[in-house]
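Here are some exercises to work through with the viewer open. Try each task on your own, then compare your reasoning with the solution.

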Number of protein chains: 2
Amino acid sequence: MSSVDQALTQQELQSMHAYWRACNYLAAGMIYLRANPLLKEPLKPEHVKKRLLGHWGASPGLSFTYIHMNRLINKYDLDAIFLAGPGHGAPGVLAPVYLEGTYSEIYPNKGEDEEGMGHFFKEFSFPGGIGSHCTPETPGSIHEGGELGYSVSHAFGAAYDNPDLIVTVMVGDGESETGALATSWHSNKFLNPIRDGAVLPVLHLNGYKINNPTILSRISHEELEALFKGYGWQPYFVEGSDPLEMHQKMAATMETCVQEIRRLQQEARSSGKPVRPRWPMIVLRSPKGWTGPHKVDGHKVEGFWRAHQVPLGSVQENPQHLAQLESWLRSYKPEELFDATGKLLPELKQLAPKGQRRMSANLHANGGMLRRALCMPDFREYGAAIDKPGTVSAENTRPLGKLLRDVMRENMTNFRVFGPDENSSNKLDDVYAVSKKVWMADYLPEDADGGELSPDGRVMEMLSEHTLEGWLEGYLLTGRHGFFSTYEAFVHVIDSMFNQHAKWLAMSKAVSWRAPISSLNLLITSTVWRQDHNGFTHQDPGFLDLVVNKSPDVTRIYLPPDVNCLLSVGAHCLKSTDYINVIVSDKQKHLQYLDMESAIKHCTKGIGIWDWASNDAGYEPDIVMASAGDIPTKEALAAVVLLREHFPDIKVRYVNVVDLYKLTPQSEHPHGLSDKDFDSLFTLDKPVVFNFHGYPQLIHRLAYRRHNHGNWHVRGYKEKGSINTPLELAIQNEIDRFSLVIDAIDRIPRLQVAGAHVKEKMRNMQIDCRNYAYEHGVDLPEVDHWTWPY
Amino acid sequence: MSSVDQALTQQELQSMHAYWRACNYLAAGMIYLRANPLLKEPLKPEHVKKRLLGHWGASPGLSFTYIHMNRLINKYDLDAIFLAGPGHGAPGVLAPVYLEGTYSEIYPNKGEDEEGMGHFFKEFSFPGGIGSHCTPETPGSIHEGGELGYSVSHAFGAAYDNPDLIVTVMVGDGESETGALATSWHSNKFLNPIRDGAVLPVLHLNGYKINNPTILSRISHEELEALFKGYGWQPYFVEGSDPLEMHQKMAATMETCVQEIRRLQQEARSSGKPVRPRWPMIVLRSPKGWTGPHKVDGHKVEGFWRAHQVPLGSVQENPQHLAQLESWLRSYKPEELFDATGKLLPELKQLAPKGQRRMSANLHANGGMLRRALCMPDFREYGAAIDKPGTVSAENTRPLGKLLRDVMRENMTNFRVFGPDENSSNKLDDVYAVSKKVWMADYLPEDADGGELSPDGRVMEMLSEHTLEGWLEGYLLTGRHGFFSTYEAFVHVIDSMFNQHAKWLAMSKAVSWRAPISSLNLLITSTVWRQDHNGFTHQDPGFLDLVVNKSPDVTRIYLPPDVNCLLSVGAHCLKSTDYINVIVSDKQKHLQYLDMESAIKHCTKGIGIWDWASNDAGYEPDIVMASAGDIPTKEALAAVVLLREHFPDIKVRYVNVVDLYKLTPQSEHPHGLSDKDFDSLFTLDKPVVFNFHGYPQLIHRLAYRRHNHGNWHVRGYKEKGSINTPLELAIQNEIDRFSLVIDAIDRIPRLQVAGAHVKEKMRNMQIDCRNYAYEHGVDLPEVDHWTWPY
């Protein structure tokens, strides 16, 4: 016998196998049984659920890996958590979670007895029960896996800045075909063995998806090994189907990997040299639906795609299926695993780690418990000095970058900044003064002049929005803080991840034992209105339309118009928990409006009349001009000036919106204004011209139930324009000052005649602007350098 | 000299180098010059654009590869096209496109003379001009590359079923970090060398993104080679910076690759054995901004990230920069390349391929020119026989699958079906009777029983929505047809690709020389209302909210309520061009309503009163009940029955919407109903209860300008429910029949008193349904098996 075959003593081997049989029994039980959980009676149709849901296929491999990690947790006193990539694999996780007692501690009606096991079985994939993924209700889960592709990036997010943690992550071979997963293997170029923990991926080659083989299971061993070496990993292979042999192989291999991880960490930590090692990973090739029915109705099931979901589908109607189910369930010999009351036998129970060493009870997987609030410098100190609104310009994001720099300085172990190769472009590069970009790949001499790279960096830049979002989610879910900025054009790349995280948060809030985690803060910049030079492709402000579909309990949207508002909003978001805060702010130079105290007041209210821009004090206004977003605000204010210049007796009220949800009724979102407050801003019957950053319909969607909505006229992006100057792009989409003046005139009854020549003038101005731009390639200087005149 | 160094004779070498210098001169000229295109005068600030845009960094490598492909096109009479993955790399493509004359042929004001060159330079990244990507205005482009990640999947889409075509695709090393790109290398497992053409990827390791090194350029040669061998490719390396040496290496290597491609194809085609070979690819490691300024202001530029965009930024203000720009431009010696009139010298001109062999004039890249209409069987023959509405059930998608099967049979060289491992799950598996799933990876004996795999298959299944969407786009853009189905929960994965393709189509329609291509047909199935068993994560019908943001010229949305409507809509979509048709239809068994003739009539109108479900003939209705989507329709009709049962004297009109854009005003979308027609359906003042498949706000967004909108009450998904039965999920979101009855009663004035007990009864029914579901795990049979009673 080789050493591999001796990793476990015979007794250990038998115990582990028994423990695994218990897992598999529970997994199958969850899928099938609603009564008779210990099979004390012969199995009858009425014991079986009518609707069979959940996926058997991935489950045995998941619990196989889980319990082998358990062994090493005990042996080496490891601090470890477990992420299950394969979709619907929850039975393979819930089973060991239940066996180690955590489930019953948290959900006392799912006790470690026959009745509890019965409840535990019944609630799985059952109306009013729990899902077939590792949802937030699953103790120890930070990765639901409903949508595939994010397991490895989540795992790395959890490992960063957790030097002692080992994040075991099962990666499905189906999931491996997704783009997000395929690039996330490169995360190893961003992990520093001195400061960060380790990720131990177990690629589960169980060979099949719903109806197809998987690519990675059908290429040669040589290609497979080359692929992962190319990704920078050292793959170890555990392949086979005989359980006892596989236990020995897995025990030996996993132990080798853990030892290797510790050796690599030790080497880096003792030498102080953070090189990128070739981290170990495991390729576990085992049959799909392992230990389940070999054949059903003459067709191969175990080790084929037919084992993906429910191997025996007609148990209610087909007595042969029922008999086969019974003999399958009995093949695990539950009577040898559980005592008569349904409790796991003590000699098996002792195989599980204890207390918070249990992966299901590890606090890293309930990160809010470990979360420490950020040490926050006073954001007021980063503000722009504003003597008079609308007269000086500044890059809106740069002071935020300075704030982030000092937040970083104060929180060098639990805060990171994320952005796809764009933090400099987004004018957040002051952060590099405190912390560079982490880089564990090769260095060249030229990096010294402007590379801003370091193994110790805490700024995460990789050209994969998926990976960044995954890292950030993993980092937040384990109790830390982060800030993500991305170009507006490309934020749609992570639409789906946003949806998933919002859904996770919404459900988490209903799970009493989950402590709040830091909000996911997403700055959308290089916005549509400054992507005139990149053309049509780069122009899309539609992410917000997705955001408003998600639960009002977890979504927040801010459109700060200037530096001080952005700082106020940014600081607020960094302190908040359990939200996704979406902030829209362009990076370029823009007019500044509010001094710091005004900005704080304005952002705290979220919406308000800017008195200095209005001339309706003491009167009913003739028109309400409103805006949300930096560039739309500039244009709206310029339109106010033009209106007041041309029609001094017209009363104009200007309303600025920072917190977009203020527009929606209180019943729809906690930030929604009461109708009374709303009406006091927008009147009951006066025309409202609203200039919006995004697609105009979003404003209608939020405000259509308001009393005066029939008088609202909204401008925003409407897929016009391409390569233009900023103003010309605005003109094409009619969010420019001239269009707004025309809109206003059209809506003020007493200007119908008097306004005609002004409208004509505005149209001529638009033509002049266009002609100048087409001739000179830039905007008319006087328009570009406009300031507030009053 | 080794053979590598002798691929080109000295004369060839000098000519190619001169041609490349011309490309580089043009690329730099596009970025900088607005006058003095041939540098006949000393360079002055006024010759230079005020706003410097476009990316120099990737350009030299792009044209380097382009012209080396040109050489082989001439030598071997190749049929080839060129895709430029690197973002903003258009100067490197536009330059050779202009030099080979296509640009001037298509855009006569950009002639091959000094004036034309001047226009050509000025319009680049200039207001009113063309973008810095390979936009639809670029002859020969089928890949804009504004968003990164899709070059390789587009390339494969183009190569499928084009056995003689070689698709050269430059892949940026920045782009390579995206998820979509990282998994698309596996496309080689789906390409059959007998039937399909070849993809020749050139991975361009120019080392940097905007501000960072790229991962693939900073790993060891050993890892890099292993990675691509692992992906199943044979990488050939061309590395260096000396242009003359690099020309020799590239010429030799590219020729080797082309010969290898032809050999592999020949081998497979003569033997008839379609094995998966290790296809060749090239890794081109050359300096970023190659041949541009080495250093600027003392900082390294060539070969560093500073060369990414505009190497010299202050040309207007800084005389040293201006001088450096001039000497850089003159280093290409334009006077040796162009004659005094600005025409490329004839000895260089002859290096370009001729006519449609020019990659910029290849018809595959203007696929509409090659498109043949599908041979379509009569979809009527696949219909369900319906004697009476709402009494029989059928799986809505299965007959569509039969139609697709026969479309496939009739179009075995230019039609494919796409789906991520879900065509069987989506009940479209009849298609396998004619064509299996293409599979070029390994086979196992068990595949024979239910594997449905074949090297000749025309159904494309890989668990990457990104790759599938990219293949399909590439396939359509080269003049073929396709059909894509995906789970509603996961369609958000390709939000961003949908946006990009919609933008491409919208722009293409404005490009006169681009012929219409087949529509992208996207079936969204396994919809939100039948994801009750998968839980909260899988429930999201919000893709439509994105669709409506895109140009009405290219977007269509259909929600056919039953088999016959789905067939009618599906057949219509398959025949259409230049749209993205989004069809929402669940795959499960549903009630059937319309016989084929009624369905055709109804779908042609897109919206209409169902007389058989209404009892308002000859009267004004008391209420209009309306719906869009299969499950909402079933519930709305059941509500109509309950209303009529309980209140026989109430007049109910039922309106069904198939074509969602009918709701929006005519001014907003060509399908929009006139207000007159709209009012005749929905009345001017009667309450409307609308039951919608998606988020209810979308209906408000479409209809808020309609006269009677104030009386509209819309139900739809509102992020409620998780693991439920279908009916219970409907109840939680209030789209169920009972909720709708309550809604209707609340809105009919004369039922305010009389309706109270019925409302109570409805609420009790909801409780009964829930209790039954929680007890039995399935819906109340009588509700589940409801049929239309009249």
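**Exercise 1. The interface**

How many residue pairs are in polar contact across the interface of chain B and chain A, with both residues at pLDDT 80 or more?

*Solution.* Keep in mind that this is a predicted model.

Step 1. Applying the rule across the interface of chain B and chain A gives 67 residue pairs in polar contact.

Step 2. Now see which elements supply the side of chain B that touches chain A. Those giving two or more residues include helix H7 (179-184), helix H8 (221-230), helix H14 (495-508) and helix H23 (756-776) of chain B. The most comes from H14(B), with seven residues.

Step 3. Sort that side of chain B by class: there are 43 nonpolar, 47 polar and 35 charged residues.

Step 4. Add the overall figures. Chain B brings 125 residues to the contact and chain A brings 125 residues. About 10000 Å² is buried between the two chains, and carbon and sulfur atoms give 54% of this area.

**Exercise 2. Salt bridges between the chains**

Find the number of salt bridges between chain B and chain A, and look at two examples.

*Solution.*

Step 1. The count between chain B and chain A is 20 salt bridges, while the structure holds 106 over all chains.

Step 2. For one example, select A:Glu223 and B:Arg276: their closest N and O atoms are 3.0 Å apart. This pair crosses from helix H8 (residues 221-230) of chain A to the loop between H9 and strand S5 (279-285) of chain B. A:Glu223 has a relative accessible area of 6%, so this residue counts as buried.

Step 3. For another, select A:Glu775 and B:Arg34, which form a salt bridge with the closest N and O atoms 3.8 Å apart.

**Exercise 3. Salt bridges within a chain**

Which parts of chain A does the salt bridge of A:Arg380 and A:Glu597 tie together?

*Solution.*

Step 1. Check the distance: the two side chains meet at 3.9 Å, N to O.

Step 2. Place the partners. A:Arg380 lies in the loop between helix H11 (346-349) and strand S8 (393-395) of chain A, and A:Glu597 in helix H17 (residues 596-605) of chain A, so the pair ties together parts that are 217 residues apart in sequence. A:Arg380 is partly exposed, at 39% relative accessibility.

Step 3. Turn to chain B, where the side chains of B:Asp161 and B:Arg458 form a salt bridge at 2.8 Å, N to O. They link parts of the chain 297 residues apart, and both residues are buried.

Step 4. Go back to chain A, where A:Asp161, A:Arg195, A:Asp196, A:Arg416 and A:Arg458 form a network of salt bridges.

**Exercise 4. A strand and a helix of chain A**

Is strand S1 (residues 79-84) of chain A largely enclosed or exposed?

*Solution.*

Step 1. Six of the six residues of S1(A) are buried, so the strand is largely enclosed by the rest of the structure.

Step 2. Split the residues by direction. A:Asp79, A:Ile81 and A:Leu83 point one way, A:Ala80, A:Phe82 and A:Ala84 point the other way, and all are buried.

Step 3. Find the partner: six bridges join S1(A) to strand S2 (residues 165-172) of chain A, and the two run parallel. In this pairing, A:Ile81 stands opposite A:Val167.

Step 4. Try helix H22 (residues 737-747) of chain A, where nine of the eleven residues are buried. At its N-terminal end, A:Asp736 acts as a cap, with a side-chain oxygen 3.1 Å from the backbone nitrogen of A:Phe738.

**Exercise 5. Two buried residues of chain B**

Describe the surroundings of B:Thr253 and B:Ala307.

*Solution.*

Step 1. B:Thr253 is found in helix H9 (residues 243-271) of chain B and is buried, with a relative accessible area of 12%. Its side chain reaches the backbone oxygen of B:Lys249 at 2.7 Å. Beyond four places in sequence, B:Thr253 is in contact with B:Tyr236, B:Val238 and B:Ile282.

Step 2. B:Ala307 sits in the loop between S7 and helix H10 (319-330) of chain B and is buried, with a relative accessible area of 1%. Residues that B:Ala307 touches include B:Trp56, B:Lys288 and B:Val301.

Technical notes: Residues numbered from 1 in each chain as written. Chains lettered and ligands numbered in written order. Predicted model: local features only at pLDDT ≥ 70, side-chain atom pairs only at ≥ 80, totals over all residues. Heavy atoms only, no water. Buried < 20%, exposed > 50% of the residue type's maximum accessible area, 1.4 Å probe, protein only. Helix = DSSP H or I, 4+ residues; strand = E, 2+ residues; numbered from the N terminus. Pairing = 2+ DSSP bridges. Contact = heavy atoms within 4.5 Å. Buried area = accessible area lost by both parts, 1.4 Å probe. Salt bridge = Lys/Arg side-chain N within 4 Å of Asp/Glu carboxyl O. Polar contact = N/O pair within 3.5 Å; in protein donor to acceptor, adjacent residues only side chain to side chain. Nonpolar A, V, L, I, M, F, W, Y, C, P; charged D, E, K, R; others polar.
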